[in-house]
Structure formats: structure tokens, C-alpha cells
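Reader: Could you take me through one part of this model, up close and in plain words?

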Protein chains: 4
Amino acid sequence: MSSEFGKLLRISVFGQSHGKAIGVVMDGLPAGEAVDLEELNAFLDRRKPGKNSLSTARRETDLPVFLSGLENGVTCGSPLCAVMENADQRSSDYSLFRDNPRPSHADYTAFVKWGGQADMRGGGHFSGRLTAPLCVAGGIAKQILARRGVYVGAHLASVGTVEDMPFPLYPTQELFAEIAAKPFPVLDGGAGERMQAEILAARQEGDSVGGVVECAAAGLPAGLGDPMFDGMENRLAAALFGVPAVKGVEFGGGFASARLRGSENNDPFTVSGGNVTAKTNRAGGILGGITTGMPLVLRTAIKPTPSILKPQRTVCLPDMAETELQITGRHDPCIAHRAVPVIEAVTAAVLLDVLLEGNHGTF
Amino acid sequence: MSSEFGKLLRISVFGQSHGKAIGVVMDGLPAGEAVDLEELNAFLDRRKPGKNSLSTARRETDLPVFLSGLENGVTCGSPLCAVMENADQRSSDYSLFRDNPRPSHADYTAFVKWGGQADMRGGGHFSGRLTAPLCVAGGIAKQILARRGVYVGAHLASVGTVEDMPFPLYPTQELFAEIAAKPFPVLDGGAGERMQAEILAARQEGDSVGGVVECAAAGLPAGLGDPMFDGMENRLAAALFGVPAVKGVEFGGGFASARLRGSENNDPFTVSGGNVTAKTNRAGGILGGITTGMPLVLRTAIKPTPSILKPQRTVCLPDMAETELQITGRHDPCIAHRAVPVIEAVTAAVLLDVLLEGNHGTF
Amino acid sequence: MSSEFGKLLRISVFGQSHGKAIGVVMDGLPAGEAVDLEELNAFLDRRKPGKNSLSTARRETDLPVFLSGLENGVTCGSPLCAVMENADQRSSDYSLFRDNPRPSHADYTAFVKWGGQADMRGGGHFSGRLTAPLCVAGGIAKQILARRGVYVGAHLASVGTVEDMPFPLYPTQELFAEIAAKPFPVLDGGAGERMQAEILAARQEGDSVGGVVECAAAGLPAGLGDPMFDGMENRLAAALFGVPAVKGVEFGGGFASARLRGSENNDPFTVSGGNVTAKTNRAGGILGGITTGMPLVLRTAIKPTPSILKPQRTVCLPDMAETELQITGRHDPCIAHRAVPVIEAVTAAVLLDVLLEGNHGTF
Amino acid sequence: MSSEFGKLLRISVFGQSHGKAIGVVMDGLPAGEAVDLEELNAFLDRRKPGKNSLSTARRETDLPVFLSGLENGVTCGSPLCAVMENADQRSSDYSLFRDNPRPSHADYTAFVKWGGQADMRGGGHFSGRLTAPLCVAGGIAKQILARRGVYVGAHLASVGTVEDMPFPLYPTQELFAEIAAKPFPVLDGGAGERMQAEILAARQEGDSVGGVVECAAAGLPAGLGDPMFDGMENRLAAALFGVPAVKGVEFGGGFASARLRGSENNDPFTVSGGNVTAKTNRAGGILGGITTGMPLVLRTAIKPTPSILKPQRTVCLPDMAETELQITGRHDPCIAHRAVPVIEAVTAAVLLDVLLEGNHGTF
């Protein structure tokens, strides 16, 4: 088992980058939920490649076809399956890498695990392309959440060493919509321009660059999640590390909190609007694994795209000898900005699963 | 469900800090595995409080009593249950916090979830004391792993802004043993002294300080773990966020990788000793969720202890009005150094679970 | 993993028959639920051996000690652990069976699975004694269910070829209480006497006899459970086959339905008390895996106790040669009547788990 | 979550009877396994309707299209998705049943669970048609098992009160192949003719009839499965009750064992061919949840098709008043014979999952 997550809402992703199709099954989706296909496609557009010089030139149409679970635009209770055909494949690009695994790609580990039969064309099942069906699932989850007053949004917090400003203490639905409408998903337009310059510089050098995505959820009630191993952080992290290239996940203050004093890191409680709130949110909206009612805030580290034009050292497996590898073809010099909706999608899917479960602390 | 993790090896933790006892059930442990109780107790000693001025004065004897699963010092196949009685409780210390939740503790969220019935004496089920049975489980896992040539070790990578040196490219069993034998678990003794000074300074100011734990595993074969949502990172993170105070988890380069170029972050493959290895290990031994055969390396951010003597603002829940809270009693000014064996324990438990599953990529 | 079941409410059983203690962890129990210990002990009494000549003379005190999760008689939200010490063990009775496995016991399979280290004294982890902690869990579940108007009861439907009358179409709380108060759990006292005669006859011949337990739940709302693999039948059967000696599980008409015509087996819908009901209940209250609102009815086949005094053929494993085995010691000539509360317990635990999940078909 | 089963091999079924397509995802299938499509289609043919007068006239082409996981006829390690389009739908047949639920169908419970949005055309997700993708999964599992010397076969043990002979003590691969090649899957041809007469009689009366399927697996090693809640019986029953119309599952002697004495039901061990075997197999190859090495034998009760032409009583839900319902259209007078390959499929899928896990009792 590998490509599934969730407890009451199970999301199962299938497909290889250059296979016949990719898709997703959502099992446990509530019935009677309308899916606005226009809104869903607009969401999918946000992760699509080929929009500008910052992304690979590969074109994806990627309109999902719903095989089940959605009738007349409304969920019917039984598992939803959405499929996207793979087109515009140039599999010949990848024939070399079975014998000469690309550094920091999954070529080598897939070979060890699955043997020569592994279908690694275009990155196979490990490809970033598999985030398209994830976005279908997450886009549907976002619509269902929004109907309950829960909003999920994200922005590009950094590219290389260039940083966007962080989310405000209370990010709003409007702010999320504003970022989603931008061609480059940042809060501070100036930072966004410097990030794009950084990406283009990397591209011109035949290199790539990493980044950080910050994601938040507004409107969650307090009391969701369980202590220890089934808390919000556990469930979100378990899913978020499934997004290719994610190498770190932190909540609230995260690693920065580890540098602080308790008096700096603690969030004083206060009362606002008749509710218990906090004056700061270094907890990221989670204490003891359970939501506090403050916005949930997390960040994920996205490593630089491992596919770079610069020559690299690898091993020729048939010879078991070091060799030089030159990767050609179309590759994103940065995937962090395209990961923004993907992180939103996975976060939304986990939150919907937790909300379906409800607060069963009392009964 | 809340306090369990694992797939073929299920580890279930129970107990409240000031209840009758705490304990752990390990279901799925292989039979015929000797448990060296002396070695186990030495491991448990590493997380114990009350050893020096850096920790709370509370004394725990904490010798686990095995109710099942271990006969004549050898596992017998059926679920192992180990129990530790709670002694030296001063529950009167905590009566105040039900009405005036401590900032950045789980008092408030437990109250929202479980209502007035929540037993939060001493932090209840959220207490760091629950890491004692986790260490029983992890200590047993470590012994079983070592018998197969897999070694798990950790050190304190930072306290506040003071940093230890990182693990070398190939941390060894001997290095792990060396750190474990030290009174303060660091690689660089000088850094260790500065960290202890930092902790004492925080203590003198009635404050606390956070830290980072770096953990590594040597000897893992390549090919373990699955793509997407059941990979090594997913499974480890899901368990590690169950350790109280962990707010971030990263693998290999982690968040630092997000600041790098691909040419800096990629790990060139090479051949050494007849095996495919890598010249650097920013992947932390994991590509595509699957082990590469290089050491597995992770870091966890530990927030500063939320219990501080300095007065804090909170809300008096019966009045729904802000108030000042003064926490008295015994508290660790830093828990990061005591978290070192706990992170080892959880890592070892997850790795044993994955190893039990084997590489079922081919059959 | 082996000795756990449940989704939101996880029940984990540990212990060996002649180990230090047996027990159960309930993780996911709602907070604020009072546990009436007198009522619980009365329930546990129903499965106890040694009450009369129909059962083994072994004495168990079996008062559970609550290590966690229950404070001042009320659940506090964190995992509940209850432990029962093992006393009155005569382990010397069982030394023979490692080498000469008893027919139709788990001696041989435990040996194959766990090797010589398996602790099979008194049947080890496979012993019927492990149903005592199951009854603690189920007894607590029964109390929580009753508070919501859901009642679970069972009776001995047959012993050998002697049959009790079946439950009426609408078994009630009062009927369940009446059976529970009887020394022998049947509806028809005359059938009960013939069953007891059958058991005594088996005992006098150094033999044993099997039976069937019928269990019902009244008060369940319609709409619980999911289609296909997570329905009421799937979840109940998965747990019920965990009771030692259960070799068959059927719902409603069960195997008898397979002999009928559709016109005989179909349950016509009707209206009563303003609700949709059915005129018959061969569905056992379940259609498509989902509760109909009619009583849930199931039956489990309990095989005859494999321990009999009559000489039997087995294999001496060290010699790999057939041999004769004579089992001495104390054994129940029938366990089906003692299984009645156990089947209730497991059914109640599963139903509470399903109720905690709620009907998440719509949201 | 509803339509999935398995632990290391997760099988997820999706689709509604009259939706766009039905299908299955197999996640965790080992890589490098050839799938013989001709053999698979021959297996699928065995459950197909429309072959003779005993089945519905509905035609299904039902050639699965593989979207992922299978490249050049060999599994590649990533999740396999197979899809079958729905054709030949006459949805107008079913419009009546939303308001007037058919007795003993899932119409009413689906309505309670999912509300008016439930897509119950043709039985929706509850339709026997969903067993087609199950057979794709199970047919692939059968091929992988056969390559390891494990063979799964089934026959129709009874229709109404007409009984086939039971499997011999050691059913073989050859016997399974022989039954599979027959137009009507029985051991005793005479019994088969009487069964077919029984089905035709039911059909002529506008009625239907139930049956029992007996399934066996030869070649399983001893030591598979776990005690209590994760044993062979638990896992098989949990999956088998997912097959529509199954109302009972028993292993070995099953309910008949409950009528026996221990001396009649116990299976004496003996030695044959250097192995420990048993002289009888009332255990059905399972003791304590663990395989004995003898053939695994189970039976499932299949209720009579609830769709019958005879007028029935039901409730008109808009009026909440009893009414008469006349079901027209094409329906199988018996589905038990078509369930034979389905039971094989589910059994094979569970066995492959267990075999992938291996005997992790020792390590």
C-alpha cells in the first residue's frame, strides 16, 4: 500500500506520468455535495505547467473525467473516481535513466524496489504529474469545506533565499482568493518579482532552485484532532510528505520556535468576539494535536527540482562505475510555486477527513 | 483513536501523568527476541528527569513491569504490555489550570475536546511523562534492530541559537554509543557546555528554551518504504509529531534544501565497497519515500517548555475574561536534551515496523 | 498486528493465560461516560468459569483494575487500560503440548508461527481467558450504548442438536435483562434443561459439545455502516471471528436464507409508529451493509471445546511420528453458554465504534 | 470509507451500475508479475450474465482497460487501475424504486444514508455489477498465487435445498480447473442438473432462489495469519461480506461443527510426506486464526435475488403508506452460481495480501 491517505475519507492516487492515464478515487465523500467544475478547473489551472517561462513547456489539458461518484454535478455517496488521460508524452527522453539514475530522483530507489519492471518514464508514479489528481481531490474538498466556512489558502513563502512576508495573524477567505488570482502566488509583489528573477537565473545557469510554501486554514472549530499519534500535525504531515519534493513540514513557529525562549514562543490566551483566542499563533492553531480555533498554519520545504541541465555524476548500474550524466529535455527550474495549490489540496483533503470524523471526544 | 501508531507493529500508549499507571502495548513484535533489561533501563535512564539542575526535581523510578509478551526475557509473539506506576505525584499543583489554561499547553484544547472530565493533572495524557512508555517500546525496537545491523542514534543539534556540529556523512554504531554515554548528548563538548549555560540562563530568568534533535539510522537496506503516502518520511513524521512539543520534522537537507540550487542539493551517486552510494546525503537517505541505503537522517524541532515561572496572560474560562497566570512548581527549563532518546525510540519503532513489512515491492 | 479491532474506537487485548496479567486498552472512548462498576462486574460474572458443574473448576476473581482512562468512575478521554491479574495457574498441566500439539487447538499453529518461544501455557494468548478483558471492553460499551437507547443481548440458540426458540421479531431491553439474569442463558427453560443435560452427557463421556449463540441489538438507527467492505456485517464478522472457537457468523436468515425462495426471504416494508419498518427481518437489520432500523440479529457457531478427556491421535513433533495424546486437567465440556456474554461484548464494542463514526453519508 | 479492503495490498472498488464506468485500484501489488489477459478474461467470463436462460439477458462486454500499473502485460509496482465502461443501461427501469424501495434491496438504506442524491439506478454502487472489477482484482491475484503454488477454487455447494457433494479432503489445482471449465460450477453433474431445474422453476414462478458457495485454497503454507482479530477468518470474512447478497460465512465445519461433539469435530494430526497434516479438516485449515497447512475451506451463504416478479408489499415513502410493488425488467432468478468466481476472487485477493505480509511471527 502506498498511494492512499485518510481515515473516513480515503484518497487513493494512481497512474504513471507516461502511462495511459492518472487519476484518483475518493472513498467516503459525503453525498449531496455540489462540485463546481468551473471553480475546480480554475483551481487545477493554478498548478498547470506551461503557463510561462518559469515552467516546463509540456502542455497538459488535464480536464478530469468523472467515472463515478458524481452525478449531475453532485456527489452521490459512492466512491468518486476522476481520471485524466496522459497526452504529450515524449517517453524517449527518459530511456537513459534506468541505467544511469538521476541524482536525487527516485530512479535508483524505484529500481531497487520494483526491479527492471518499474515504469519510470517521465518519473513514473513519482512524477509531479501525480499531483494533478491530488488537486482534483483537494479542489473538491476545498469546495465542501468552504460551504462550512473553512477556507484553505497558501502562498510561496520563499524561493531560494528570497522571502515573501508571512501570513497575517488572521488570514481570510478574501486574502486566499486574492493570492489565488495572482499569476505568481505571493503576498508581497516585490518579493514575487525577486523570486521570479531567482528562478530565471537558475534556469539560465541550467540549474534549479527550491522554496517554501506556507499554507493556512481559517474557520476551523476548536477541538478537532486527537492527542499523540492521531493529531492534526501527524495527519497533515503524513499526507504532505506524499507531495513529491517535500523534505520538511513545520507547524506554527516550527523550527524557528526551537530557537526561542518560552516567554517568546508561548501564545497568551485572550477573549475576542466572545471566544477564547490567542494574541499570537506560534502554535499554528494546534496544541496537543488538537485545534485551538486559531488559524492552522504550516510550512513545507520544497527541494530544488533534481532535474538540471548541468552535468552530474552518477553510476552506470550495468557497469557499476561512476559516469557523467547530462539531463536534457523540459524541466521546471522551480516547482515550489506550482506546489502552492498542491499543498492547499492535500491540506484541504486532510481537514475534510478530520471534519467528517467530528469531535468524538464527547459523544 | 489517538495514541497508537504502526502498521504491522502497532504501538499503543496509555496513561495520564498523575493516574495510576502509564504503559504501552506492542502488538506485532516478532517472537524469540531477547530483551536485555539492563540495556533497556540504561536507555530509559537517558530520558529521566531529576538527574541534574537542568531538569525537574521530580523523581521517577520508572522500572517497567512486563505484564505480557515477554517470558524469561524473550518475546513470545503475543502482544507485549509494559506498565510503569505513577509515584511522586503532587496533583494539587495543577488544580488551577482547568479554569485558567496555561498558554501553549494542551489544557484548553483538552477541555474543549473532553469537557470538564479531562484528567489534566500533571498534563494528563499530554504530559512528557508519556514518553517513558514510548522509550520502553523504542528501546526494545532498538535492540531488535541492532541484532540486524541497524543502529539508531541521536544528538542535540541545537538549544536556542547554540548549535552542535551535524552528524558526519556516515554516523556509526560507535558514535551513537559514545553520545549515549555522555551526560549531555552532543557531538561537540564545547557546544554542549554553551547549550547547558543557555538552559541555566533561561532557568534563572524563570523562562525556558527550545532545541533541535538530529537523529540518524545506519545500516538500513535500500528499497524500504513506499511511494507517496506510505513512504519513510510519511511514516516517520506521523509518529514523530506524536512526541509532545515537536513542531517540525525535516529529512536530510530539509528546510535548508529549500534555499539551495539543485546543483548544490543533488547527491551525486558513486560506487563504494561494491555498492551504489552517494557523495553527499541531502536526501537524508530517502528518495521517493524509499530508502537509498545511505544513512537516514532527520531533525525535529522541539518548542521551548510552555511551563515557565514568568507571569503570563490567559483567560479565566468561568469568567471569560483575561487574567494573569503564575505557574509554580517543578518544570524543565528545556526538554530538548531529554527528547533525544525519545526521538531515537520513535524512529526505531517505525523502522522496525517497516523492516517487518520488508521490501514487498517484488514478491 | 493481531489483537486489535475498531476504527475510531480501537480495542487492543493483551496477555497470556498463565502470564502475569491480561488486559485491554480502549483508545477512542468518549469522555464523560460513567462506568457502573457493579453492573460491569455483574456482566463479567456471566462469563466466569467455576460457577457450576457445567464449567471448569478453575477460579478467577477477575476484578479489573483500571490503570488509566477512568477517573472517579467516569471516562476522561484518554485511553482506558484495564488489567486483570492471572492467579490459580497450574502451568505444569500444559508442558506436554508443545511437543504433542492438541488436535484442533492452536498449539501447532502457534509453534509454527512463533517457534519454541511461544508461551502456550493454558492456551497462552489463544486461551478463552482472553475473553475476560474483551468483556470489560464490551461491558463498558454496553453501558454507553444503553444510555443512547441501544441495547445488546444474546442467548444460547443451540447446544449440539438441542435448540432454543429464536429471538422474537422485536427483542427488547427487558427480554435481554431477563436472559442475563438467568443462570443458563436461554429463552425457553425447557430447552435450557435439555441443553444442560447434553453438556453433562458430553462431560461424562470425557467429551465436549458445541453450540450457537444468537445476538441482537435493539434501538439502532437506520443508516449506519457503509457499502461493500466497511458495512455492519464486515465489521461485526471481522471482530466476532476473534472470539476463540467461533467458526461461523451469519446475519438474519444467514445460511437458512440460502435455502429459500426470494418471495420467502424478502422482508416486506411497512409503516409502524410513523417509521418505515419491515414485517419480517431475514435481513437481520442490515441491507447493503447499512442498518435498516430493524433489530440487528446475528448468530455465531461455537465449535465444541477441543480439550477432551478421550484419547486422541496427534504427532510427536520431535519424532515426527503419530502418537496418542491423553489430555487431563480441568476443561469446560461446553463453552457456548459462557460465550454468550462474550458475543454481546464484541457486538457492543463494534456498534459503539460505528455509532461514534455516525452516519457520515451526508455531512 | 467503504469500498476498500486489504492491508499491504489495498483493493478499492468504484462505480455505480449505470454510471459512466466501474473499476478497481490495486495498491501494493508486487512488481514484475505477468498478467495473462486471456486467462483473466476467461475468469471474468465465468461471472458474466447473459450466457444462458439462468441469468439476466443484460449483455456486458466488460473487457477491462488498464489505466495504470500494468505495462507490457507486467505489473510495474505502482497502483494498478482497471476500468470497465458501463453499456447497455436501461436506467428508466429503476426510476420507481427511489420512492418505493424494493424489499431486501439497498434502496431504502441508501436513501437513508445518502439522501435523494443516491444514484441507485441499476442498484448503483450496491449492484452485483460491482463484482466485475472485484473479479479483475481477484483474477490477477489468482495468477500471482498460482505462480507460488497456491490455488483457489470454488463450486456451488447448494441451490435452495439441492446440494452438491463437498470438496474432497485435498482439492487440487486440477479439480479447480475442471470445475472452472464447466458451464455450471458443480462437482456432481447430477446435482448440477437438479440445481438448474430448481433455478428455472423459481424463474417460471417469478421468484428467485438462494445458494451456498464453497471455496478452497490449496498450497498455503502453515503459519499465516495472526491470533484474535487479524486472523485468516477475520480477514476473509471482512472481505467476503462485501460481496452483495452474502449473509453468512463459515470455515471448515462451521455451523455444522456446533452440532458435534469434540471427539467428532477435532482433527487428529498425523504425518504425511514428511509434513504434519490432519486426518480430517473440520478446522478448514485454520486454528487460532493461523493456517495449519491443510487446505483452507470456507462457505458463504448467498441469499435469493431480492428482485422477483411476484408482487410485493413495500412503503411509498412520499406518502408513508404501504403499497404494492411490481418489479419488472431483467433479473437473475439465482446469483449463487455467478457468485462462484466472485468468492474465488475475493478469497484470492485476501490470500495474496496475507502472503505479501509473510509470516512475521519470527523475524
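Author: Sure! First, a polar contact is a pair of N or O atoms within 3.5 Å; within protein, one must be able to donate a hydrogen and the other to accept it, and residues adjacent in sequence count only if both atoms are side-chain atoms. The model is a predicted one, where local features need pLDDT of at least 70 and side-chain atom pairs count only at pLDDT 80 or more, while totals for chains, interfaces and linings use all residues. Residues are numbered from 1 along each chain as its sequence is written, chains are lettered from A and ligands numbered from 1 in the order in which they are written, and side-chain values use heavy atoms, leaving out hydrogens and water.

Now let's look at helix α1 of chain B, which covers residues 37-47. (Helices are DSSP runs of H or I, at least four residues, and strands are runs of E, at least two, numbered from the N terminus.) Where α1(B) starts, a side-chain oxygen of Asp36(B) comes to within 3.0 Å of the backbone nitrogen of Glu38(B).

Further along, Leu40(B), Phe43(B), Leu44(B), Arg46(B) and Arg47(B) are buried, meaning under 20% relative accessible area with a 1.4 Å probe, protein chains only. They span an arc of only 145° around the axis, so they sit on the same side of α1(B); the arc is taken from the directions from the helix axis to the C-beta atoms.

What do the buried residues of α1(B) pack against? In chain B, their partners are β4 (65-68), β7 (80-85), α3 (131-147), α4 (173-181) and α9 (336-357), with contact meaning heavy atoms within 4.5 Å.

Methods. Buried < 20%, exposed > 50% of the residue type's maximum accessible area, 1.4 Å probe, protein only.
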